[in-house]
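Work through the exercises below with the sequence and the model open side by side. Try each task before reading its solution.

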Amino acid sequence: MNDKVHIFDKPQNVRRVLWALVAVCIATIGADFVYHRHIVHPWEGVWGFYAIYGFVACVVLVLVAKELRKLLMRAEDYYDRDD
Amino acid sequence: MIELPPFVLFYLAALAAAVLPRRARQVVMLAVPLVGGLALMNLAPDLLLRVAFMDLHLEPLRVDKLSMLFGILFHIGAFIGIVFSLHVDDRSQHVAALLYAGSAIGAVFAGDLLTLFLFWEILALTSAFLIFANRTDRAWGAGMRYLVIQVLSGVLLLAGALMLYRHSGSLAFDHIGLNGAGSFLIFIAFGIKCAFPLLHNWLTDAYPEATPTGTVFLSAFTTKVAVYALARGFAGTEALVYIGATMTCFPIFYAVIENDLRRVLAYSMINQIGFMVVGIGLGTALAMNGAIAHAFNDVIFKGLLMMSMGAVLHMTGRINGSDLGGLYKSMPVTAGLCIVGAASISAFPLFSGFVSKSMVMVAVLEEGHPGVWLALLFASAGVFHHAGIKIPFFAFFSHDSGIRTTEPPLNMLAAMGLAAVLCIFIGCYPWALYELLPFSTGYAPFDGSHILAQIQLLVFSAAAFAWLKVSGIYPPELRSTNIDAEWLYRRLAPRWVRRCTQGLTAVSDTLGETTQNASRVVMRSVVRHYGPEGTLARSWPTGSMVLWVAVLLAASLILYYL
């Protein structure tokens, strides 16, 4: 049973997932060329606004969180010990 | 037909569960939310039950659209939680869970502040037992901190209610609004239970320490009662818009670096409540509908995520991202159900989060808060990142931890399956939920612009995660504690108390030493004069006394002659 090879044990399957993601990204941002989103605020109308904002937001989130670790991270038993 | 407040059924069932043997107890527990739900449907709309208690007019049962929606929600939440915990053979947990669910239902049907206060406190007390039930030292400590903070919230609520009563002569629980000290105390009381920033750590401290099944109940009731109370009492309070926006943003940073996956979900819960708080703060029909609908959906999809992590903890005994991975191989069904919850919380179109969160987003822009809107959009991308991807990825995929287990017990799978079906059903047919909402706005969820925008936001967030992960920039899961506002009362305050007591000890030591020295000096002089060798203790020869007598006699004779 342990010898069974599962779907993501094969690197090519992981690569396929990543390529599929890239394809979906291109398709959805490409849709902005043909589909005119109706908007409430002018920022929304910028080409690819949601896509770019989503990408940048996540990268910023992770990079800031990584830096925050330097400030916030303590040993796992931090509160269980006396000073 | 006698109109019984819906909580009575749960309290009676708790009494029964306290004495019945296991099988009978399971039957009673399953029946309660079903029977209660049917009874709920038969309650007359706009029913008001009044009771006079001494000079007070109490309303233990008030039915309107708002309380009814939360009543239905809590029956669903209770049913899912009960099914999920059916295999547990621990009477105290079952009794506590029934009392807890009943109190939540009692609280949302309470028409006056005193009744609300009573349920508010029972809610705190009974839920603490779901934390204690883990029977570890950590759970004990977290449970005590939880209880102290929750009871404090209740005390503030009571104090505020009494101040309002003095002022207006009424205890009715309607719109309160921020005006005056009494209303401010109530606002803070609700805020504590709602996990406002800096008042939020009881949630991230206690929920991950509860039992795998207990956390599912906890995540359903306490904070949603608070959201209900805010919606009832403080709709349209502008401060809530900014408080809510803060709540959506700051927890996601913690969620990214947190290792305990149930704690990640606890932070993500604050983030979701933030969206509701923003909606309540705006107070328009669309925003209120969005906030309340999101509370409804959150109970189910957050419950589903908590259940999937509970199932992982139950089967493997582990919950840290650093210890898990590769579980899709042995728990494929659980993994699939977890992904449904993840898609729902991330607000993928056709999943439940989408049809409620988008209402709040639209309302924020329409009311002219573009800054808040950007913050919420950031939080939306962030929630997909940490709850939508991180939770399923680190538990079920990522590197293979080597753990081989099996799917959880059937009742756990059934509860998760039920929640997943509801997530998809509401996501595809939101009108079933919209009909229950207090306002009719004619909101159309499936609008091409919204769908495209949301999909773009999500797939590019996913792309960011994939890129960061592949390039090795993504921070690894590390065994750690991340300090948060709780540091103030878990570290700083105890340290100050210790320092103060140490200071006092030093003072008392010095005082003691000085008195000791002083008394030693006195004693020495006493010993010198009165001791065995002392001048005043010397024995005198009879001769010298005769001599001195003669001297005295001579002196008096001389004085006499003078």
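Helices (H or I, at least four residues) and strands (E, at least two) are DSSP runs, numbered from the N terminus. Keep in mind throughout that this is a predicted model.

**Exercise 1. Check the confidence**

Task: Find the mean pLDDT of chain A and of chain B, then locate the elements of chain A with the lowest and highest confidence.

Solution.
- Step 1. Chain A has a mean pLDDT of 88, and 94% of its residues reach 70 or more.
- Step 2. Chain B averages 93, and 100% of its residues score at least 70.
- Step 3. Within chain A, confidence is lowest in helix 2 (residues 42–45), at a mean of 86. It is highest in helix 3 (residues 49–72), at 94.
- Step 4. Add the scores for the model: ipTM is 0.93 and pTM is 0.90.
- Step 5. Keep one reading rule. Where pLDDT is low, the predicted coordinates should not be read in detail.

**Exercise 2. Describe chain A**

Task: How many helices and strands does chain A have, and in which order do they run? Then set its radius of gyration against that of a compact globule.

Solution.
- Step 1. Count the elements. Chain A holds 3 helices and 1 strand.
- Step 2. Read them from the N terminus. The order is α-α-α-β.
- Step 3. Split the chain. Domain 1 covers 1–35 and domain 2 covers 41–83. Their C-alpha centres lie 25 Å apart.
- Step 4. Compare the radius of gyration. Chain A has 21 Å, but a compact globule of 83 residues would have one near 12 Å.
- Step 5. Look at the extents. The C-alpha trace spans about 60 × 45 × 15 Å along its principal axes.
- Step 6. Check burial. Of the 83 residues in chain A, 14% are buried.

**Exercise 3. Map the contact between the chains**

Task: Which element of chain B gives the most to the side that touches chain A? Which strands pair across the two chains?

Solution.
- Step 1. Size the contact. Chain B contributes 40 residues and chain A contributes 38.
- Step 2. List the elements of chain B that each supply at least two residues to its side. They are helix 10 (239–257), helix 14 (352–366), helix 15 (370–396), helix 18 (448–470) and strand 3 (481–482).
- Step 3. Pick the top contributor. Helix 18 of chain B gives the most, with 17 residues.
- Step 4. Sort the side of chain B by class. It has 26 nonpolar, 9 polar and 5 charged residues.
- Step 5. Find the strand pairing. Strand 1 (residues 73–74) of chain A pairs with strand 3 of chain B in the antiparallel sense, over 2 bridges.
- Step 6. Name a bridge. A:Arg74 has B:Thr481 as its bridge partner in strand 3 of chain B.

**Exercise 4. Take apart a hairpin in chain B**

Task: Is strand 1 of chain B enclosed or in the open? Ask the matching question of strand 2 of chain B: enclosed or in the open?

Solution.
- Step 1. Set up the pair. Strand 1 (residues 48–53) and strand 2 (residues 56–62) of chain B pair in the antiparallel sense over 5 bridges.
- Step 2. Place two bridges. B:Val51 has B:Leu58 as its partner in strand 2. B:Leu49 has B:Leu61 there.
- Step 3. Inspect the turn. The hairpin has 2 residues between the strands, and B:Met54 takes a positive phi near 55°.
- Step 4. Count buried residues in strand 1 of chain B. The number is 0 of 6, so this strand lies largely in the open.
- Step 5. Repeat for strand 2 of chain B. Here 5 of the 7 residues are buried, so the strand is largely enclosed by the rest of the structure.

**Exercise 5. Classify three residues**

Task: Are B:Val27, B:Arg135 and B:Leu198 buried, partly exposed or exposed?

Solution.
- Step 1. Fix the cut-offs. A residue is buried with 20 or more other C-beta atoms within 10 Å of its own, exposed with 12 or fewer, and partly exposed in between.
- Step 2. Take B:Val27, in helix 2 (residues 22–41) of chain B. B:Val27 has 12 such atoms, so it is exposed.
- Step 3. Take B:Arg135, in the loop between helix 5 (113–132) and helix 6 (137–168) of chain B. B:Arg135 has 9, so it is exposed. Its phi is positive, near 55°, and it is not a glycine.
- Step 4. Take B:Leu198, in the loop between helix 7 (181–193) and helix 8 (201–206) of chain B. B:Leu198 has 13, so it is partly exposed. Its phi is also positive, near 75°.

Note on methods:
Residues are numbered from 1 along each chain as its sequence is written. Chains are lettered from A and ligands numbered from 1 in the order in which they are written. This is a predicted model: local features need pLDDT of at least 70, side-chain atom pairs count only at pLDDT 80 or more; totals for chains, interfaces and linings use all residues. Domain bounds come from an automatic or database domain assignment. Two residues are in contact if their C-beta atoms, placed from the backbone, lie within 7 Å. Ala, Val, Leu, Ile, Met, Phe, Trp, Tyr, Cys and Pro count as nonpolar, Asp, Glu, Lys and Arg as charged, and the others, Gly among them, as polar. Two strands pair if DSSP finds at least two bridges between them. The radius of gyration is taken over C-alpha atoms; the globule rule is 2.2 Å times the number of residues to the power 0.38. pLDDT is the predictor's confidence in each residue, from 0 to 100.
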